[in-house]
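Me: I should be grateful for a close look at a single part of this chain. Please set that part out in detail and then place it within the whole.

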Amino acid sequence: MEQLSKSKDFKQSEAINEQTNTSFFIAYIATLVDDKITQKDLMPYLLYGKFHTLEDLKYLLPSRDCNITSDPLDIEEKLLTGWVMIRLKNNDKTVALVPATAEVGREVSPSEVEFTVGGPKESFVESIEKNLNLVRKRLPIKELVIDEILVGTLTKTRVAIIYIDGLTEKEDVNTMRQRLEDINFDQIQDSSYIEEMIADNKNSPFPQLLNSERPMKVISSLVEGKVAVIVDGSPFAIMGPSSVMSFFSSAEDYLMNWLVASFIRILRIIGVIVSIFATPMYVAILTYHPEIIPKDLMASIISSRKHVPFPPFLEALFLEITIELLREAGARLPTKVGQTIGIVGGIVLGTASVEASLTSNVLLILVSIAALASFTTPVYKISTTIRLIRFPFLFFAQLWGFLGIVINVCIILAHLIQLKSLGRPYLEPIYPPRLTDMKDAFIRFPFYKGRLRPGYLHSQKPVRFQLKKENKMKDIDE
């Protein structure tokens, strides 16, 4: 209390109850407390209500939570989270604590990162209460369990662990809870802090836990048998265990016909492959394997590179770095300015680079296609990984051509094979191969085909629903 009294927003005062002539002391942190609650729901009862003890006060106040305690640590914790302390005598160690926390933050709004044309528009916000409400109202079952712990020695951030009891594998729940409890860090400002600290391999560029700002995606993960984590102050929830294929699945895939959704998902995966291999293949072919280029196309490439003084590697590296600079500038600047910089900067720099003979127009087209293809990934964190691994492919292509690209592919595959998410294989269902899980991997099969939950999650209830037999109508002669 002495430490709190040094702060100017810590308020404490004495008053007298007119009914019983009982004096009481009230203390709270003004910046955390809602004045409407104190003035309308607390002070009228404290000044004009009839009470003699804290027990009387507990039944008098119209608050669902009124704790009576003498624990200094509990009192301090409650004051720092927006509770009001009431003491009948100045030297009394026992006090009553009443919640009066001010709700500060934005209201539920449409999704900004995971935008979809159809379907629900609501997205998570920074308030953990509002986020849990969005989950609860979409999954109104008694088996839904929400555990809450505090993480961060200084920030004391509330972290909620969500799972469906009797469906989610207990080992996954225990693993998630244990890793959260083992975090020893002073501040937790966002769910990204948690995501990095509980990852199986903290040095991997690949995200090992799926994150989303859409309640619909969190509900789908919970129903599959995953564990979700919501962090107070973060609009993104974390879900695990996750496989690499879940990062290429969009919420909109389940809002359209399965044939269209499958086509778009395959197109998305092809886009990722093009984004990774377009410029490295250009460097490898022009440096080591020009014989595989058709003669008609070779004439166009030679004419476009006739005045370029740099080798293909430096030419590609220059354009790739330029694209990354434009992306970063567009992301950091205000929205309207960022869009202008991205469009105008790309057109001006691309045209000027070709006219100045710094790059060829063929490579400019390839780099533009690769940049566009990288934007097809629905999860932002996997798109940043794709942007990163393009550069090792470029260097390996410069060193050994196609052989270098194959070596780099083998290195990445070896890394992905041993990578895990909460102890589960990250490359599932590709490795280990699971044919049943392929129904929602590269192709999104119809809903009636998805009778089983993903096998790698080891759900306690692997069957999602039972197929109903069609009742054949019989003609009845009257």
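Reply: What follows examines V283 and its surroundings, then some backbone features elsewhere, and lastly the chain as a whole.

The model under discussion is a predicted one. V283 is found in helix 8, which covers residues 258-288. The relative accessible area of V283 is 0%; since burial is assigned under 20%, V283 therefore counts as buried. Beyond its neighbours within four places in sequence, V283 makes contact with P312, F313 and A316, and also with L394, A397 and Q398. The region around P312 can also be approached through the backbone: P311 lies 28 residues from V283 along the chain, and the C-alpha atoms of the two are separated by 8.7 Å.

Several backbone features elsewhere deserve a separate description. S357 is a residue other than glycine with a positive phi, near 60°. Its place is in the loop that runs between helix 11 (335-355) and helix 12 (361-374). H458 likewise has a positive phi, near 50°, and is not a glycine. H458 belongs to the segment after strand 12. With a relative accessible area of 39%, H458 falls between the limits of 20% and 50%, and it is therefore classed as partly exposed.

The segment after strand 12 (424-425) also contains P429, and P432 lies there too. Each of these prolines follows a cis peptide bond: the bond joining E428 and P429 has an omega of about 5°, and the bond from Y431 to P432 has an omega near -5°.

As for the whole, the chain holds 14 helices and 12 strands. Of its 478 residues, 43% are buried, and V283 is one of the buried residues. Among contacts between residues at least 6 apart in sequence, 63% join residues at least 24 apart.

The overall dimensions can be stated in two ways. The radius of gyration is 30 Å, whereas a compact globule of 478 residues would have one near 23 Å. The C-alpha trace spans about 100 × 85 × 45 Å along its principal axes.

Turning to the surface, the accessible area of the chain amounts to about 26200 Å², and carbon and sulfur atoms account for 60% of this. The chain carries 53 positive and 55 negative charges, and the mean positions of the two sets are 4 Å apart.

Note on methods. Residues are numbered from 1 along each chain as its sequence is written. This is a predicted model: local features need pLDDT of at least 70, side-chain atom pairs count only at pLDDT 80 or more; totals for chains, interfaces and linings use all residues. Side-chain values use heavy atoms; hydrogens and water are left out. Helices (H or I, at least four residues) and strands (E, at least two) are DSSP runs, numbered from the N terminus. Buried means under 20% relative accessible area, exposed over 50%, partly exposed in between (1.4 Å probe, protein chains only). Contact means heavy atoms within 4.5 Å. The radius of gyration is taken over C-alpha atoms; the globule rule is 2.2 Å times the number of residues to the power 0.38. Accessible areas come from the Shrake-Rupley method with a 1.4 Å probe; for residues, only the protein chains shown count as cover. Lys and Arg count as positive and Asp and Glu as negative; His and the chain ends are not counted. The place of a charge is taken as NZ of Lys, CZ of Arg, CG of Asp or CD of Glu.
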